[in-house]
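Me: Please take a close look at one part of this model, a helix if possible. Start from the whole chain, and explain each term as you use it.

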Amino acid sequence: MSNEIFDCNGIPYPEFTRGTVTYCDKLNGAIPEGSVYCLKLSIKGERKPVPGQFYMLHPVKSDCLLARPISVFHSEQKGNSVEVTFLILVKGTGTVELCSLKVNDEIKVLGPLGNIFPRPADGKKVLIVGGGIGVAPVAGFAESLPANSYDFVAAFKSGSYGLENLKAEKLLITTDDGSVGIKGMVSAALTEDLMKEGNYAAVYACGPSPMLNYVKQVSEKCGVQCWLSMEARMACGMGVCLGCTIETSEGLKRCCKDGPVFDSKILTFPQFKNSFVSKPNRWGSMVAKPGEPQKEFTPDLSFDFKGVRFENPLIGSSGTFGFGVEYESVFDVNRLGGISSKGLTLEPRQGNEGVRIWEVPSGVMNSIGLNNPGIPHFIENELPEMLKLKPVTIANLSGSTTESYVEGAKLLDKTDVPVIELNISCPNVAAGGASFGMTCQSAGAITKAIREVTKKPLMVKLTPQAPALNEVALACIEAGADGISLCNSFQGVAIDIEKGVPVFDKIKAGFGGPAVRPIAVRLVYELCQEIKKLPKEKQVPVIAIGGIEKWQDVVEFIMAGASLCQVGTATFANPLAMIECIDGLSAFMKRKGYKNLEEMRGIIL
């Protein structure tokens with residue numbers, strides 16, 4: 001007896017269950033090879049999806065918080081289970097995880113979800129259009145129709161895939177590079193003449209937005225009913241989070257619940273100008289045409305900070321990378337742009353007592369308390385070893401009083417250290433540290449005092465706890481700061497629930513890691529906006545800090561206006577994080593045509 005439950009529209013209700021991987025491998029025909037995978041899941045029960053629906057998929061072992069919405073390509077009943085096949089474009093962390101699954105791996109499954117493609121009337125011929133990975137859901141729909149009752153247009157950048165189950169009367173394939181079928185985009189096959197000759201009762205399509213906009217225009221101009229399967233970022237898939245809304249003439253609609261299939265007449269698309277031709281980017285250079293080779297070049301990752309050259313923007317952040325030499329046996333630290341020393345005070349310090357490190361979701365809390373050998377010891381012992389390395393050495397200067405800061409700066413000024421980073425942001429000390437960075441007056445005064453005793457390039461590292469952070473930064477710039485490092489750890493509280501006591505002796509502790517990155521990006525963005533308003537001669541670079549773990553994070557901070565990026569917590573989890581960031585940044589710039597960092601710095605400002 002079937003346990004399948006349908007709503008009044010004949011759509012099966014979703015359920016939250018687990019599936020088992022029966023197959024996962026790269027899909028033949030997709031170019032570049034390995035860019036698209038085929039994933040098959042065995043899901044217990046008889047709740048078979050209807051063409052047009054999707055599932056929220058989340059591997060049991062996952063580093064992602066959210067499941068990923070994936071459309072159904074094919075499904076069939078096998079005993080007391082349903083085997084569902086998905087085609088997955090390898091795009092981000094979530095899809096990489098899904099495409100890395102092995103046979104018998106378990107995956108959390110929510111579905112089937114969404115509405116369905118309305119079936120055409122018996123005896124009526126229709127046109128089905130798929131673009132790229134959008135072929136999957138419409139090919140699944142085509143499979144449910146009688147043979148030769150439809151024509152199918154499939155558009156790809158290169159190669160072709162997902163067409164093996166089709167029984168179309170006419171199959172037209174277009175590729176941007178001409179590797180399969182007609183050379184060109186979907187418009188090379190889908191024309192008004194084709195629509196008129198086909199005498200179609202309806203058009204069904206799924207693919208990238210510019211393509212869907214084109215299909216909508218052609219269909220409506222020819223007076224043919226058009227159904228489009230849309231895509232949006234989702235959190236729940238059930239219609240409750242309201243994160244996947246799309247604009248329609250009837251107001252905002254939820255892509256997951258009201259769709260993903262919509263009548264084209266109510267959909268509105270952005271104005272895609274020259275969607276099917278090559279066009280200049282924002283700097284005037286031409287994007288290469290499909291199949292046209294890019295000119296080879298090596299991106300320039302360097303940055304000049306007051307005459308000090310950083311070979312690339314990656315810096316080992318203070319307190320997370322020691323003095324650099326500690327990691328020499330782990331990877332080639334000479335590839336880094338810079339290394340900021342452990343926070344240094346005039347006198348040696350043992351740091352805080354009690355628990356010092358506490359792991360929390362997506363981050364680490366710490367209460368180290370400026371444990372360091374003292375500036376005199378640093379100058380005699382650690383500094384010479386740091387200076388032997390290729391990365392720019394940065395001395396991170398801290399203290400408890402203005403006098404101790406000044407005396408420390410005087411000692412450092414007599415050395416060969418290229419850059420001083422004034423730390424007025426440490427959250428884990430009773431005196432000094434962040435207390436100096438909380439107000440414009442105190443931050444400006446300490447910066448001015450240090451500026452008066454050293455001519456070395458001076459970064460000032462600020463705390464995100466300051467009530468008026470931008471004003472504090474501007475006060476530091478006015479007082480002589482050559483750059484602003486933003487931001488040090490956020491403050492948090494952790495409780496040991498088994499003991500019923502605070503984890504840290506000082507109650508509050510610093511919190512850093514991936515979880516803080518969006519906030520740090522906002523702070524950097526807002527500060528860069530303010531700095532941009534200053535006269536050109538007073539503008540200074542911003543050194544971004546906060547949750548960087550991948551090259552994409554570096555790009556994000558640079559596009560928000562940062563000139564250099566410090567990596568901290570990520571090194572604990574992955575000692576190669578900064579090297580991977582350098583390589584990834586370079587590859588990204590080459591792929592996008594950025595010759596140097598300046599071309600993409602602050603492009604959202």
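Reply: The protein chain exposes about 27800 Å², and carbon and sulfur atoms supply 52% of that area. Accessible areas come from the Shrake-Rupley method with a 1.4 Å probe, and for residues only the protein chains shown count as cover. The model is predicted, so local features need pLDDT of at least 70 and side-chain atom pairs count only at pLDDT 80 or more, while totals for chains, interfaces and linings use all residues. Residues are numbered from 1 along each chain as its sequence is written, and side-chain values use heavy atoms, with hydrogens and water left out.

Along its principal axes, the C-alpha trace of the protein chain spans about 90 × 60 × 45 Å. The chain has 12 helices and 32 strands; these are DSSP runs, helices being H or I of at least four residues and strands E of at least two, numbered from the N terminus. Of the 605 residues in the protein chain, 52% count as buried. Buried means under 20% relative accessible area, exposed means over 50%, and partly exposed lies in between (1.4 Å probe, protein chains only). A contact means heavy atoms within 4.5 Å. Among contacts in the protein chain between residues at least 6 apart in sequence, 66% join residues at least 24 apart.

The part for the close look is helix α8. It runs over residues 469-478, and seven of its 10 residues are buried, so α8 is largely enclosed by the rest of the structure. The buried residues are Leu469, Asn470, Val472, Ala473, Ala475, Cys476 and Ile477. What do these buried residues of α8 pack against? The partners are two helices and two strands: α7 (440-451) and α9 (517-532), together with β25 (458-461) and β26 (483-486). After α8 comes glycine 480, whose phi is positive, near 120 degrees.

Two of the elements around α8 lead on to other places. The helix α7 is one of the partners of α8, and isoleucine 424 sits in the loop between β24 (419-423) and α7. Isoleucine 424 has 0% relative accessibility and so counts as buried. Its C-alpha atom is separated by 5.4 Å from that of phenylalanine 436, and these two residues are 12 apart along the chain.

The helix α9 is another partner of α8, and α9 supplies at least two residues of the lining of the second largest pocket, as does β17 (303-305). The terms come from a 1 Å grid over the protein atoms alone: a cavity is a set of points where a 1.4 Å probe fits but cannot get out, a pocket is an open set with protein on both sides within 12 Å along at least five of seven lines, and lining residues have an atom within 4 Å of a point. The points are joined across faces, edges and corners, and a volume is the space filled by probe spheres set on them. About 690 Å³ of space lies in the second largest pocket. Its lining has 26 residues, of which Gln539, Val540, Ser563, Glu598 and Arg601 lie nearest its centre. By class, this lining holds 11 nonpolar, 11 charged and four polar residues. Ala, Val, Leu, Ile, Met, Phe, Trp, Tyr, Cys and Pro count as nonpolar, Asp, Glu, Lys and Arg as charged, and the others, Gly among them, as polar.

For closed space, the count is one cavity of 30 Å³ or more. The largest cavity holds about 60 Å³ of space. Its lining divides into five nonpolar, three charged and two polar residues; among them are Glu15, Arg47, Tyr55 and Pro112. Strands β1 (15-26), β2 (36-44) and β7 (106-113) each supply at least two of the lining residues, and β7 gives the most, with three.

Finally, a buried polar side chain away from the helix. Threonine 175 lies in strand β10 (residues 170-175), and at 0% relative accessibility threonine 175 counts as buried. A polar contact is a pair of N or O atoms within 3.5 Å; within protein, one must be able to donate a hydrogen and the other to accept it, and residues adjacent in sequence count only if both atoms are side-chain atoms. The side chain of threonine 175 reaches the backbone nitrogen of serine 179 at 3.1 Å, and a polar atom of that side chain lies 2.7 Å from the backbone oxygen of valine 180.
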